[in-house]
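Biologist: I should like to go through this model with you, one element and one residue at a time. Shall we begin once it is displayed?

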Amino acid sequence: MTIAAKKPEIGSQVEDQKQFSESKNLAQNGFSVPESNAFGQSFRDYDGTVRLNTVEKCYQLNHINQTYDYVKRMREEYGKLNKVEMSIWEGIDLLNSFEDESDPDLDEPQIEHLLQSAEAIRKDYPDEDWLHLTALIHDVGKVLFHPKFGELPQWAVVGDTFPVGCAYDESIVYHKYFKDNPDYNNPAYSTKLGIYSEGCGLENVLMSWGHDDYMYLVAKENGTTLPPAALFIIRYHSFYPLHKAGAYQYLMNEEDRQNLKWVKIFNQYDLYSKSKVRVDVEKVKPYYLSLIEKYFPSKLRW
């Protein structure tokens with residue numbers, strides 16, 4: 001599969017999303033989607049991954065424990081942003097020792113994945129510096145693993161995200177484990193819309209708690225000047241039931257639909273750039289530090 005370059009305008013975001021072909025050749029701008037992940041297997045193969053036991057256990061715990069009340073409690077607690085004060089790059093540095101146990105495609109430290117994603121998208125979108133920075137920081141919310149942030153368990157930090165407060169769509173990976181979630185048989189939360197209304201907008205929908213929503217809160221509440229599309233990518237890049245399976249579209253409003261185009265573009269680089277190829281951190285670091293300075297304050301509340 002390759003990526004052909006047609007860019008939506010960031011102002012109106014009304015152009016068609018970038019089109020993807022099934023060709024194995026190099027993309028027009030140089031990004032080639034590999035045929036296999038870092039383990040030589042198909043991407044997002046949850047049945048065949050060499051990390052099957054680790055990945056499945058993470059999702060089992062996630063689906064049992066991510067209740068509506070739990071998510072509300074975590075969002076209120078971490079929304080205070082009173083854990084630590086540090087820069088974006090200091091947050092990136094904290095990720096060096098962590099791996100994502102929900103990821104069937106990679107077992108490298110997270111900083112490797114961030115730089116791989118950012119550098120791949122930078123090649124194809126050289127003029128969209130906001131997109132380069134978004135790729136770099138999209139997973140920095142995984143600092144929740146660190147003792148300074150409560151050392152949360154894997155199931156509370158990583159994995160595909162989904163709405164809580166309404167029925168769990170069957171497209172969610174390892175859906176079978178939701179039967180042990182207290183909300184599964186709760187009449188208030190077990191219907192298609194649950195507590196929500198059709199077209200209410202994703203901004204008004206509570207998502208399962210993890211690094212996505214946390215980094216969104218950190219960026220927004222610290223006054224980032226990144227465009228709305230960037231915040232949407234950060235918040236919903238793990239919402240695979242929506243941007244891969246097309247679930248939950250009835251909750252979206254028009255702004256969500258326009259921003260979703262950028263998530264689908266970003267997702268190709270987020271997913272398919274995962275490899276064992278290392279990026280020279282010191283070589284690219286000055287460029288990304290300049291973007292951080294452009295779009296964020298020097299120190300942020302986390």
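Biologist: What distance should helix 10 span, and how far apart are its end C-alpha atoms?

Modeller: This is a predicted model, in which local features need pLDDT of at least 70, side-chain atom pairs count only at pLDDT 80 or more, and totals for chains, interfaces and linings use all residues. Residues are numbered from 1 along each chain as its sequence is written, and side-chain values use heavy atoms, with hydrogens and water left out. Helices are DSSP runs of H or I with at least four residues, numbered from the N terminus. Since the expected span is 1.5 Å times one less than the number of residues, the 15 residues of helix 10 (residues 281-295) should span 21 Å, which agrees with end C-alpha atoms that are 20 Å apart.

Biologist: Which helices do the buried residues of helix 10 pack against?

Modeller: Buried means under 20% relative accessible area with a 1.4 Å probe, protein chains only. In helix 10 the buried residues are Val284, Tyr288, Leu291, Ile292 and Tyr295. They pack against helix 3 (88-94), helix 4 (110-124) and helix 5 (129-137).

Biologist: Is His237 buried or exposed?

Modeller: His237 lies in the loop between helix 7 (228-236) and helix 8 (240-243). Because its relative accessibility is 3%, His237 counts as buried.

Biologist: With which side chain does that of His237 make a polar contact, apart from His211?

Modeller: A polar contact is a pair of N or O atoms within 3.5 Å; within protein, one must be able to donate a hydrogen and the other to accept it, and residues adjacent in sequence count only if both atoms are side-chain atoms. The side chains of His237 and His211 are joined by one of 3.3 Å. Another, of 3.3 Å, links the His237 side chain to that of Asp212.

Conventions: Helix = DSSP H or I, 4+ residues; strand = E, 2+ residues; numbered from the N terminus. Buried < 20%, exposed > 50% of the residue type's maximum accessible area, 1.4 Å probe, protein only. Contact = heavy atoms within 4.5 Å.
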